[in-house]
Amino acid sequence: MNDIRRRMRHMFFMLLNLIAYPLSRLYPRSRKVWVFGAADNEFTGNPKYLFLWVSESRPDIQAVWISGNRKTCQAIRENGYRACHRWSLKGILAAVRAKVYFFGHYSEDVNLPFSGGATLVNLWHGVGLKAVNLGLPQGRTSSVQKFANSLTGYLRHLKYLIRPDYIVTTSDFMQKHFMSQFLAKADQCPKLGYPRLDCVVVPKLGLASEKIDRSLGFKWNKSEHSDIYIYVPTSRDSGRDFLDAAIPDVERLSTALAKRNAVLYIKPHPRTLVPSNFKNADNIRMWPAGIDFQTYLHEFDVLITDYSSVLYDYLATGAKGAILYTFDMEEYLSVDRGLLYPFEENTAGARARDFQELCFLLEHGVPDNENTRQQIEEIRDKFWGGSPSPASPAVVKFVEANLH
């Protein structure tokens with residue numbers, strides 16, 4: 001039955017793409033209507049913070065958040081912003097009228113079938129070292145390019161075959177990286193910075209985000225512990241379970257945290273399956289689903305990560321350092337995803353190559369010395385050098401100047 005439903009869904013969207021996508025090119029779009037969306041129907045990432053900035057700072061632009069999650073839309077509206085369910089009449093009309101689509105993955109984050117003729121701005125979802133998009137040979141986007149000249153294949157894989165007009169980047173190094181990964185020209189990859197870092201320098205964006213989080217049932221409270229840490233591992237392309245291997249002894253980890261009166265949040269990637277027998281301790285908690293941790297990133301005392309681009313976001317906020325927990329590096333590079341650039345040369349932070357080293361660092365603290373600080377500054381410049389701060393005004397100015 002599930003297989004039949006899946007096939008019917010695919011057929012429906014193929015038909016919708018066949019009819020709605022070309023017709024949406026004919027509808028007159030308004031330069032003053034901009035729509036925003038994020039993957040998995042969440043309120044998160046670069047699109048979220050740009051949406052909040054435009055809503056707060058540019059009342060002449062009608063900014064509309066589009067999502068398939070009614071609860072998310074309601075929470076956004078309750079706080080005075082525009083939000084529509086993707087398949088509501090208002091949501092479809094906004095998608096058809098909007099001159100600009102902002103998203104972090106694909107235009108389907110907003111509404112793919114009605115995006116014809118709109119300017120597509122991919123704000124992306126992280127700088128880093130990994131191959132992505134067309135630069136990832138085994139990835140979905142690369143593998144479906146062979147269907148570009150087949151009508152059936154084109155309609156079925158439309159979201160992967162439509163190229164964005166612009167991909168926002170952050171530095172000379174990252175501009176070259178995304179040019180190669182998207183097969184794009186330099187003027188399609190402007191160095192404008194990431195709006196998701198703006199809440200550090202524009203406090204009202206952080207406050208607005210926190211209000212919406214409270215509407216979703218989450219309230220940030222840092223005062224009950226001396227230190228607050230977060231573990232944000234990247235996804236494993238193979239789909240393998242790795243959290244049990246990353247944290248083989250919850251009690252040992254809890255004891256290490258207790259010595260510093262610290263609490264650790266674990267924020268797995270959306271595509272990571274959390275083992276059903278995974279147990280929390282009083283000072284080890286899962287980050288709540290559907291809540292964007294970026295609002296609070298600069299307030300964590302320690303970030304623990306591996307090959308994730310969140311490292312560069314964290315260092316960009318002015319953080320002193322992080323823990324790079326790479327217990328499975330050999331397996332990650334062999335069965336998950338290779339890195340395009342040397343890991344050691346392009347990261348900064350204390351190294352934990354196994355669970356015992358991680359616990360030692362948690363007990364004794366992340367080293368802070370002149371060499372570490374210099375390395376962090378070099379990484380910041382390499383990945384963020386030249387990025388405006390805040391980024392949102394620069395993105396808006398660029399887009400307005402390039403609308404046709």
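**Charged side chains: worked exercises**

The side chains of Lys48 and Tyr49 are joined by a polar contact of 3.5 Å (a pair of N or O atoms within 3.5 Å; within protein, one must be able to donate a hydrogen and the other to accept it, and residues adjacent in sequence count only if both atoms are side-chain atoms). Keep in mind that this is a predicted model, where local features need pLDDT of at least 70, side-chain atom pairs count only at pLDDT 80 or more, and totals for chains, interfaces and linings use all residues. Residues are numbered from 1 along each chain as its sequence is written, and side-chain values use heavy atoms, with hydrogens and water left out.

**Exercise 1.** Place Lys48 and decide: is it buried or exposed?

*Solution.*
- Start with the fold: Lys48 sits in helix 2 (residues 45-57). Helices (H or I, at least four residues) and strands (E, at least two) are DSSP runs, numbered from the N terminus.
- Next, accessibility: Lys48 counts as buried because its relative accessibility is 0%. Buried means under 20% relative accessible area, exposed over 50%, partly exposed in between (1.4 Å probe, protein chains only).
- Finally, the neighbours: leaving out residues up to four places away in sequence, Lys48 touches Phe43, Trp65, Ser209, Asp213, Asp292 and Thr295 (contact: heavy atoms within 4.5 Å).

**Exercise 2.** Work out which parts of the chain the Glu108 and Lys159 pair links.

*Solution.*
- Check the pair: the two side chains, Glu108 and Lys159, form a salt bridge at 2.7 Å, N to O. The rule asks for a side-chain nitrogen of Lys or Arg within 4 Å of a carboxyl oxygen of Asp or Glu.
- Locate both ends: Glu108 is in the loop between strand 4 (98-103) and strand 5 (119-122), and Lys159 is in helix 7 (residues 158-161), so these are distant parts of the chain, 51 residues apart.
- Compare exposure: Glu108 is partly exposed at 36%, while Lys159, at 19%, counts as buried.

**Exercise 3.** Trace the network that holds Arg236 and Arg240.

*Solution.*
- Take Arg236: its side chain meets that of Asp306 in a salt bridge (2.9 Å, N to O). Asp306 lies in the loop between strand 10 (302-305) and helix 13 (310-316), and Arg236 in the loop between strand 7 (227-232) and helix 11 (243-246), so the pair ties together parts 70 residues apart in sequence.
- Both ends are buried: Asp306 at 1% and Arg236 at 6%.
- Now Arg240: its salt bridge to Glu331 spans 3.6 Å, N to O.
- Put it together: Arg236, Arg240, Asp306, Asp328, Glu331 and Asp336 are linked in a network of salt bridges.
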